[in-house]
Amino acid sequence: MTRHDIAVVLHLFSRSARLQKKRATLTIASIAWGTVTILMLLAFGEGLKRQFSRNERAMGENLAIHWPGETSKVWKGLPEGRPIQPRIDDIALLRARIPECDAIWGEMRSGRTAFTYGRKTVNAAISGVNWEYGDARKHYPQPGGRFLDARDEDEKRRVVFLGYELAEDIFGKEEPVGKTLLVNNSPFTVIGIMQKKTQTSSYGSQDKNHAVIPISTYKALMGRDKLWVLVLHTARSEDMENALARANLVMASKYGYDPKDEHVWGIWNTVKGQAISAKIFLGMEMFFGIIGALTLIIGCVGVANIMYAVVKERTREIGVKMALGARRGWITGPFLLEGMLYTFLGGLAGAAVAIVIVTLLDLIPSEGVKVLEFLGKPTLSWPSAAATVAVLGTAGLLAGYFPARRAAAIDPATTLRYE
Amino acid sequence: MSRVINSGGNVTSEIIHMTGIRKVYDTGKVKVEALKGIDLLVAPGEFVAIVGPSGSGKSTLMNLVGCLDTPSDGRYSLAGEDVSKLGRDELADVRNRRVGFVFQGFNLLPQISAFENVEMPLLFGGVPVRERRDRVAEVLGRVGLSDRMEHKPTELSGGQMQRVAIARALAMRPDVLLADEPTGNLDSTSGGDIMQLFTQLWEQGRTVVVITHDMSLARRASRIVEIHDGRIVSDTVAAA
C-alpha cells in the first residue's frame, strides 16, 4: 500500500460518507447493544469470580487439613488397620522438620458444647487451637478485642474467641468482650469477636458459629491430647507439595507406617481447590465471553447487511470510478473504513453505556443483602475490555470486508451502459 | 508514443491497433461469440464513428477499446502498449491515463460537485492537488462551464451534464476520447451542441471514437466503421 493509495482511499471515503442516517443509527445501535451485552456478561463474570474467590479464601489460603485415619498396608511386621493418632507433641516435631511451612497447628474439637451466660445456654462447636490459627484462618478480631496469643497458650488461660453469630446468640445486644461465660461449666473470659466474613468453604463448622480456645487449655479441660486435625499452612501455594511430602515422611517414621500408604491421612489440600476454582471460573468467563461475542456478531451481521445494501445502491457509482481508473483497493478501502466506523462508533457507545451501568450498580449497597454478598458486583476489567475490542475489531473488519469484496467484483462494462 | 509496424510494413503510430479480436461470452450453457475477428486501426487525430444495429457487437467493441474488458483472442495495443493480457488494476491504470469515457447516461456522481467529478480521474492518476485545481478549471472552461464548477449534477441540464462528463474525459489528457451514444439522452438542441463540441475537439487534434446509431452524429466523423454480427462490414473515409 502506497501513500497514494491511502490518500485516494481517504479522499473517496470523505466524499462518499453521506451516511444513511436512519440505517446507520440502527446499525450502530445494534453494535452498541452487542457491546453492552458482552461487557456486562464479562463484568458480571469478573465480579462473581472476585467475590467467589474472596469467599472461598475466607477460610484461609494454602491450607492442608489432615484428618487421621488407619493404615492400609503391612509395614515392617506391623499389621494393616492400625489407627494413627497424632498428638499435641507432634506439632513441635513437625514445626522443627518442615521449613516450608509458615504455620503448623493442631485442632481439638467438640461439636456440641454448652455455653452459658446468665440464664441462657447455647450449644455450639468449640475448637482448641494453637494461636497461629488466628491469622492463617482469618479469624480477625473486631475492634476492641483480640485473638489468642502465645501467652494464652503457655499459661493455659481460660479465654475464648467467639464467632460473631455465636456471640450474638449468647449475648444478644450486649457487648461480649470482657464478659465471663461458662463453657461446660468452667468460667472463660471472652477476649474477642470475629469480624464478619462471607465464607463458602469450611471443615467442622462455619467460623462464625464456633468458639476457639487455646489448645493447652482444651487439653487441661478435657484431659485429652489427641488431635482432631493437623493443619499445614504455607506462605506460597507452590511450597505446599514439598511440605506435604515432608510431613508424611516425618509422621511415617514416628508412627511406623508405609510412607506410600495413602489411607493414613485424609487430606484436604486447598491449593488444589484454588486451582480447580480458577479453572472453573476461566471456563465460566469464556462461556460468558462466547455468549457476548455471539450477540456482538449479530450486530456485525447488521453492519455487513447495511454495507451490502450500500454496495448495491452504489453499483453504478463504483462502475464509474472503475472506468475512470480506480484500482480495486481504492474501491474496497472506503467500504472497509465505513464498516469499521460503524463498528467503532457502536463499540464506543456500548462501552459508555456499560460503564454507566456498572458504575450505577456499584452504588447499590451490598451490605446485608445476601444475594449481592454472594454474587459480588459486576466489575469491568482490562482483560475483558481487551477481549471486547478484539472481537469488535475482527467482526468490524469482516463486516466491511465481504461487502467490499462484492464491490470490487463489480464489472464496470455491464453497469455503465444501462440506466 | 511508441511506434508500431502495421501489416503493410509502413511505420505508423496508431492509437488503436486491433488484430483478430474475438470476444466470446460464456454464459455456462450457451457460448455467444459477440466479436468474430475484428481488425481495426485508428491513427492519431482521426474522428471515427462506429455504427451498427443493436446486437451487432458495437458495445462489446467499445468495452474492449476502452479497456473495460479483455478480448478472448487477438491482439490489442493502445497507443503502443499491449493491453490484451493485462490484469484488472493495470487495466484501471491504462483507462485512467489513455482513455476518456463519455457515456450516454453521463454517469456523473450525483452527490459531488461538477468540480469534484472532473477531479476524480486526476485523483486516481496521482496528480498533485494544486495541479488538479488548475486542470479542472482549464477543462471546465474548455467546455464552457467555468461558472458551474460548484454545482451538483442534479442542478445542471442534460447538455451541461454531458459537457461536465466530457470535461472529466479530457482531464487526464487521454490518447483517445471514447464516447458511447453521447447524444442519446439529449434533446436535439443540446445534442447538436455536444456534436459541435466533439467536432471542435477533433479539429484541435484529439482522437475521437464515437459509438452511435445517430447518423447525423456519425456523418460528422472523418471515418465511419459499420459493424454487423460481430464483423466490420464497411469502413468508409468521409470525403472531407
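What follows is a conversation about a predicted model with chains A and B.

Colleague: Let's start with chain B as a whole; how many helices and strands does its secondary structure come to?
Modeller: Of the 240 residues of chain B, 55% count as buried. Among its contacts between residues at least 6 apart in sequence, 66% join residues at least 24 apart. As for secondary structure, chain B comes to 7 helices and 12 strands.

Colleague: Happy to zoom in now. Is B:Ile227 buried or exposed?
Modeller: B:Ile227 sits in strand 11 (residues 223-228) of chain B. Its relative accessible area is 0%. The cut-off for burial is under 20%, so B:Ile227 is buried.

Colleague: Which residues is B:Ile227 in contact with, leaving aside its neighbours within four places in sequence?
Modeller: A useful starting point is B:Gly57, which is 170 residues from B:Ile227 in sequence but 7.1 Å away in space, C-alpha to C-alpha. The contacts of B:Ile227 include B:Ser56 and B:Lys58. The full list is B:Ile50, B:Val51, B:Gly52, B:Pro53, B:Ser56, B:Lys58, B:Leu61, B:Ile232 and B:Val233.

Colleague: I noticed B:Cys67 in a loop. Which sign does its phi have, positive or negative?
Modeller: B:Cys67 is in the loop between helix 1 (58-65) and strand 6 (73-78) of chain B. With 1% relative accessibility, this residue counts as buried. Although B:Cys67 is not a glycine, its phi is about 60°, which is positive.

Colleague: And where in chain B does B:Arg173 lie?
Modeller: B:Arg173 also calls for a look at its backbone, with a positive phi of about 50° although it is not a glycine. Its place is the loop between helix 5 (158-171) and strand 9 (176-180) of chain B.

Colleague: Staying with cysteines, how many disulfides are there over all chains?
Modeller: A:Cys300 is buried, at 5% relative accessible area, and B:Cys67 counts as buried at 1%. A disulfide needs a pair of cysteine sulfur atoms within 2.5 Å. By this rule, the count over all chains is 0.

Colleague: How are helix 4 and helix 5 of chain B oriented to each other?
Modeller: Helix 4 (residues 129-142) and helix 5 of chain B pack with their axes 9 Å apart, at an angle of about 135°. Their crossing is right-handed. An angle of over 145 degrees would be needed for roughly antiparallel, so helix 4 and helix 5 of chain B are oblique.

Colleague: How many nonpolar, polar and charged residues does that contact of helix 4 with helix 5 of chain B have?
Modeller: From helix 4 of chain B come B:Arg135, B:Val139, B:Leu140 and B:Arg142, which meet B:Val164, B:Ala167, B:Leu170 and B:Ala171 in helix 5 of chain B. By class, the contact has 6 nonpolar, no polar and 2 charged residues.

Colleague: Which residue of chain A is in contact with B:Arg132?
Modeller: B:Arg132 is found in helix 4 of chain B. Its relative accessible area is 8%, so it is buried. Leaving aside neighbours within four places in sequence, its contacts in chain B are B:Glu119, B:Leu122, B:Leu123 and B:Val127, and its contact in chain A is A:His11.

Colleague: Which helix of chain A do the buried residues of helix 2 of chain B pack against?
Modeller: The buried residues of helix 2 (88-98) of chain B are B:Leu91, B:Ala92, B:Val94, B:Arg95, B:Asn96 and B:Arg98. Within chain B they pack against strand 6, strand 7, strand 8 (99-102), helix 3 (114-124) and strand 9. The element they pack against in chain A is helix 10 (315-323).

Colleague: Just before that helix, what relative accessible area does B:Leu86 have?
Modeller: B:Leu86 lies in the loop between strand 7 (81-82) and helix 2 of chain B. Its contacts beyond four places in sequence are B:Thr70, B:Glu81, B:Leu91 and B:Val94. It counts as partly exposed, with a relative accessible area of 23%.

Colleague: Over to chain A: how are helix 2 and helix 13 oriented to each other?
Modeller: Helix 2 (residues 21-56) and helix 13 (residues 382-408) of chain A pack at an angle of about 150°, their axes 10 Å apart. Angles over 145 degrees fall in one class, so this pair in chain A is roughly antiparallel.

Terms used: Residues numbered from 1 in each chain as written. Chains lettered and ligands numbered in written order. Predicted model: local features only at pLDDT ≥ 70, side-chain atom pairs only at ≥ 80, totals over all residues. Heavy atoms only, no water. Helix = DSSP H or I, 4+ residues; strand = E, 2+ residues; numbered from the N terminus. Buried < 20%, exposed > 50% of the residue type's maximum accessible area, 1.4 Å probe, protein only. Axes fitted to C-alpha atoms, helices over the stretch in contact; angles between N-to-C directions. Parallel < 35°, antiparallel > 145°, perpendicular 65-115°, else oblique. Left-handed = near helix turned anticlockwise from the far one by under 90°. Contact = heavy atoms within 4.5 Å. Nonpolar A, V, L, I, M, F, W, Y, C, P; charged D, E, K, R; others polar.
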